[in-house]
Amino acid sequence: MPDILIIGASRGIGLGLAEEFSKRGWNVTATVRDAAKAPALKASPNVTVETVDIADRQSAAALAERLAGQSFDAVIINAGISGPQATPKSVEHDAFADLLVTNALAPVRLAEMLVKLVKPQTGVIGFMTSQLGSVGGNTGGGMELYRASKAALNSFTRSFAARHRDKGLSILSLHPGWVRTDMGGPGADIDVATSTAGLADVVEHALGAHQEVYLDYAGKALPW
């Protein structure tokens, strides 16, 4: 049975991914910030629950220490926030700093702590980003702060991939689609099951493929 670590799995896409990979027969280690709020995870077979707040460097380091010695076929870092509904002119500095730390810095910082646990030559590390992080695809503007945080994540992950290219991993920047979650809202295009089934297919196809790509849940390449 292959092994996967999913960061940020208490609800929405992260929870859906944990359930999807469990259904496919993977051993799943899934993280939440508060284990008391993860009854759905605990009810799934082959799922182990861990706790971490990836925006907290000490919490992230503690998770990496607890997982030391384990080996994963895939690690998916899903945590993120929508951030303040403001503009560059009106946003408070601290609020924007929190958005950048949570959405851009923290995922890559945690990946650096965990990369040694990913199987070389065949393993996958996936970062949950958004098509809104595409600079080339930004023709309409809007959601500028969130876009900037995801564009920063995409830039970080490109550098992360270059830094670890000798390990033979697949590094995926993943757009889950516009999904009906608390963040996506009830009017979004697709449900969680559609998104997570597609994302799981993308991850499975990337095993041993040595890819560095920016893909949506259907496997379509997106412009950086």
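This passage describes salt bridges in a predicted model. Side chains of opposite charge can pair when their charged atoms come close. In the model, the count comes to eight salt bridges.

One of these pairs lies within a single helix. Glu20 and Lys23 form a salt bridge in which the closest N and O atoms are 3.3 Å apart. The two residues stand three positions from each other in helix 1 (residues 12–23), which means that about one helical turn separates them. Their surroundings can be described by relative accessibility: Glu20, at 9%, counts as buried because its value is under 20%, whereas Lys23 is exposed, with a relative accessible area of 66%.

A second pair connects separate elements. Arg24 forms a salt bridge with Glu204, with the closest N and O atoms 2.8 Å apart. Arg24 belongs to the loop between helix 1 and strand 2 (27–32), while Glu204 belongs to helix 6 (residues 192–206); the salt bridge therefore ties together parts that are 180 residues apart in sequence. Arg24 counts as partly exposed at 28% relative accessibility, and Glu204 is likewise partly exposed at 28%. Both residues also belong to a network of salt bridges that links Glu20, Lys23, Arg24, Asp201 and Glu204.

A further salt bridge joins the side chains of Glu112 and Arg163, at a distance of 2.5 Å from N to O. This pair links distant parts of the chain, as Glu112 is in helix 4 (residues 93–114) and Arg163 is in helix 5 (residues 144–163), 51 residues apart. Glu112 has a relative accessibility of 29% and counts as partly exposed; Arg163, at 47%, also counts as partly exposed.

Notes
Residues numbered from 1 in each chain as written. Predicted model: local features only at pLDDT ≥ 70, side-chain atom pairs only at ≥ 80, totals over all residues. Heavy atoms only, no water. Salt bridge = Lys/Arg side-chain N within 4 Å of Asp/Glu carboxyl O. Helix = DSSP H or I, 4+ residues; strand = E, 2+ residues; numbered from the N terminus. Buried < 20%, exposed > 50% of the residue type's maximum accessible area, 1.4 Å probe, protein only.
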